[in-house]
Amino acid sequence: MDDNQLIRTLNSVGKSSFVRYLKLCEDESLSNTEIADQIEEESGYTRNSCLSRTSHLRSILRAGLRNKALEIIIESSVRERIKRLAKALLNESENDEVFFLPHEQFEMSASEKDKYLAAFQMPTVINITTRTSSITNAFINSIIPVITPSINDIREALAILALEPESLLCAYCGDPSTEWDHLRAIVKDKRPTGYISEIRNLVPACGKCNQSKGNKEWSIWIVGDAPQAPKQRGIQDLEARMQRLHKYEEWGDVKPLNLEELIGEDLWEQHWKHWDTILRHMNEAQSTAVEVRQRVLDRLSSKSTDD
Ligand SMILES: [Zn+2]
């Protein structure tokens, strides 16, 4: 993307939209459609316009021209408030550059300076929007019911997996078990799969297996090449383990629930609307936070010039 293309693309986004929705578009956990949804609700632009702004904005990000676009905005004739936001966003990405209050500085050689700069480590700038994915996880996981098993269920589960209650081992690899893992994933593509937390969908697992498996299908993952997957770690009795896990699956015979149908459309929509509202407020709050931070910096530097 050359300079002219950048300016054209930036105009397609709109300078004020670029500043307003930059953080949203930088959130890689969001798809273009999800972002356009949020912009549509907030701005009232048409659906197509929101989608086009989103994809143009992201093409600037992909070209690595985020800061250049912000510089263009700062030098253009946009409103002061937009300029201030653009400055704050620019400033944020340069947090490895140490901010010096313009007090007296000692003369020193370049290598001396490097030594001091290397000794100092700038704390990371905190963004409200970096909490987006944990909020989303909470919204998904908070609606998944947890059903306490009967003692008989636990006994039967352990018998199928050939495990003893006093020395619980990972059903996938045989290491000591540290948790019970969902055999069938309860979350996929940021939506509940319809499987819930019940013993027929849970097996004892070690942390290594649990993390390596993620929301993959167990029977593919276990012999696959994911890092730390049992096959990769050379687990010896894998065949026997898989047979037991298949038996466990049959015992469970768990089918995914259609949660939406089960509870009714209204309540379902209400839940996801809350989610949407919170994310939107977080984005707005983030813009305000950036502005506050920038204002403090401005005040500090004008104060020390006054002194
Ligand atoms: Zn394991």
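**Exercise 1. Classify D253 as buried or exposed, and describe its backbone**.

Step 1: count neighbours. D253 has 7 C-beta neighbours inside 10 Å, so D253 counts as exposed. The cut-offs: buried means 20 or more other C-beta atoms within 10 Å, exposed means 12 or fewer, and partly exposed lies in between; C-beta atoms are placed from the backbone.

Step 2: note the type of model. This is a predicted model, in which local features need pLDDT of at least 70, side-chain atom pairs count only at pLDDT 80 or more, and totals for chains, interfaces and linings use all residues. Residues are numbered from 1 along each chain as its sequence is written.

Step 3: place the residue. D253 lies in the loop between α12 and α13 (259-263). Helices (H or I, at least four residues) and strands (E, at least two) are DSSP runs, numbered from the N terminus.

Step 4: read phi. D253 is not a glycine, yet its phi is positive, about 40°. Most residues other than glycine have a negative phi.

**Exercise 2. Find the length of helix α12, then place L245**.

Step 1: take the span. α12 covers residues 238-252, 15 residues in all. Its first and last C-alpha atoms are 21 Å apart, close to the expected 21 Å at 1.5 Å a residue. The expected span is 1.5 Å times one less than the number of residues.

Step 2: look past the end. D253, with its positive phi near 40°, follows α12.

Step 3: go to L245, which sits in α12. L245 is partly exposed because 19 C-beta neighbours lie inside 10 Å.

Step 4: list its partners. Leaving out residues up to four places away in sequence, L245 touches A171 and W218. Contact here means C-beta atoms, placed from the backbone, within 7 Å.

Step 5: check a distance. K216 is 29 residues from L245 in sequence, and their C-alpha atoms are 15 Å apart.

**Exercise 3. Locate Q228 and give its phi and exposure**.

Step 1: Q228 is in the loop between α11 (218-221) and α12.

Step 2: its phi is positive, about 70°, although Q228 is not a glycine.

Step 3: Q228 has 15 other C-beta atoms within 10 Å, so Q228 is partly exposed.

**Exercise 4. Describe how α1 packs on α4**.

Step 1: get the geometry. Helix α1 (residues 3-13) and helix α4 (residues 47-62) pack at about 145°, with axes 8 Å apart. Axes are lines fitted to C-alpha atoms, for helices over the stretch in contact; angles run from 0 to 180 degrees between N-to-C directions.

Step 2: name the residues. α1 supplies L6, T9, L10, S12 and V13. α4 supplies S52, R53, H56, L57, S59 and I60.

Step 3: sort them. The contact has five nonpolar, five polar and one charged residue. Ala, Val, Leu, Ile, Met, Phe, Trp, Tyr, Cys and Pro count as nonpolar; Asp, Glu, Lys and Arg as charged; the others, Gly among them, as polar.

**Exercise 5. Describe the surroundings of V78**.

Step 1: V78 is in the loop between α5 (66-75) and α6 (80-93).

Step 2: V78 counts as partly exposed because it has 18 C-beta neighbours inside 10 Å.

Step 3: neighbours within four places in sequence aside, V78 contacts K15, S16, I73 and K83.

**Exercise 6. State how far apart the centres of domain 1 and domain 2 are**.

Step 1: set the bounds. Domain 1 is 1-124 + 264-307, and domain 2 is 151-257. These bounds come from an automatic or database domain assignment.

Step 2: taken over C-alpha atoms, the two centres are 43 Å apart.

Key: Contact = placed C-beta atoms within 7 Å.
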